[in-house]
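Please open the model in your viewer, with the sequence panel beside it, and follow the stops below in order.

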Amino acid sequence: MSLSLRFALQFGLTATLGVALALAISLGILRMRVETMSGELGAGLEQAIETQLRRDGEALLENVGAESRESLLAYDRGALDKVARGALKRSSALSVRIYDQHGRALADGEGDARVFEVQAPAPMRDIAKASGVVRWSEGDRLLSARPVCIGAQCIGAVAVAVDGSPVARERAAVEADMAKAKADFFTEAALLALAALA
């Protein structure tokens, strides 16, 4: 084998290895960027859906609080139950509950008599000190609550739960779409890399 041919082969192999290494590093960096971007997009979409679902439920809170203020002062469970049931009928909420200032449930939109044995959930324990809406989740249920106050004195609280399962369904759909898009992208990138090496 002549010296010039040997140099040509060595140069060709070195160039091929260099290109392969550069492509591998580039694809690795690109993969990390795509993973990060898809994660951020998925989280943003999930947050947007949850915000919309909560907004629909929280639109009730102020109305129920205003409607229940006089009945809370009078501790009129019948009137409070009527307010809660009316609010539940006019909305897509899963539940509407009204509590006194000690965290005892006084009314339930579904008319569940056992509700009177129920204490307010842990996130509502200090709701009288809250400056606005308190939010938390229980499984697929998205809950929101706010105090009912007269001046500086809080006399109770109202809580609303909405169905949060669309968030989980959308998350699963987005993850499936992202996984397919990423697989297609990296297959195409690998084919282009092979073409570049060739």
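Begin with the hairpin of S1 and S2 in this predicted model, where four residues lie between the strands and glycine 103 adopts a positive phi near 85°. Widen the selection to residues 95-100, which form strand S1, and residues 105-108, which form strand S2; the two run antiparallel and are joined by three bridges. With both strands displayed, look across from tyrosine 99, and you will find alanine 105 of S2 standing opposite.

Keep S1 on screen and add strand S5, residues 153-163. S1 and S5 pair in the antiparallel sense, and six bridges link them; to place the register, select isoleucine 98, whose bridge partner in S5 is valine 158. Colouring S5 by accessibility shows a strand that is mostly covered, with nine of its eleven residues buried.

Next, select residues 141-150, strand S4, which runs antiparallel to S5 and is joined to it by ten bridges. Within this pairing, proline 147 has alanine 157 of S5 as its bridge partner. Follow the chain to the hairpin of S4 and S5, which has two residues between the strands, and there glycine 151 takes a positive phi near 65°.

Which cysteines does the disulfide join? Show the side chains of cysteine 149 and cysteine 154, whose sulfur atoms are 2.1 Å apart; this is the one disulfide that the structure holds. The torsion about their S-S bond is about 70°, so the disulfide is right-handed. Cysteine 149, at 23% relative accessibility, counts as partly exposed, whereas cysteine 154, at 16%, counts as buried, the cut-off for buried being under 20%.

For the last stop, move to helix H2, residues 77-89, whose 13 residues should span 18 Å at 1.5 Å a residue; the C-alpha atoms at its ends are 18 Å apart, which agrees. Now select Leu80, Asp81, Val83, Ala84, Ala87 and Leu88, the buried residues of H2. They cover an arc of only 160° around the axis, and therefore lie on the same side of H2. An α-helix has 3.6 residues a turn, so residues three or four places apart point the same way. Rotate to the face of H2 turned away from that buried side, and you will see the exposed residues Lys82 and Lys89. Finish at the N-terminal end of H2, which aspartate 76 caps, with a side-chain oxygen 3.2 Å from the backbone nitrogen of glycine 78.

Conventions. Residues numbered from 1 in each chain as written. Predicted model: local features only at pLDDT ≥ 70, side-chain atom pairs only at ≥ 80, totals over all residues. Heavy atoms only, no water. Pairing = 2+ DSSP bridges. Disulfide = S-S within 2.5 Å. Buried < 20%, exposed > 50% of the residue type's maximum accessible area, 1.4 Å probe, protein only. Expected span 1.5 Å × (residues − 1). Arc of directions from axis to C-beta. Polar contact = N/O pair within 3.5 Å; in protein donor to acceptor, adjacent residues only side chain to side chain.
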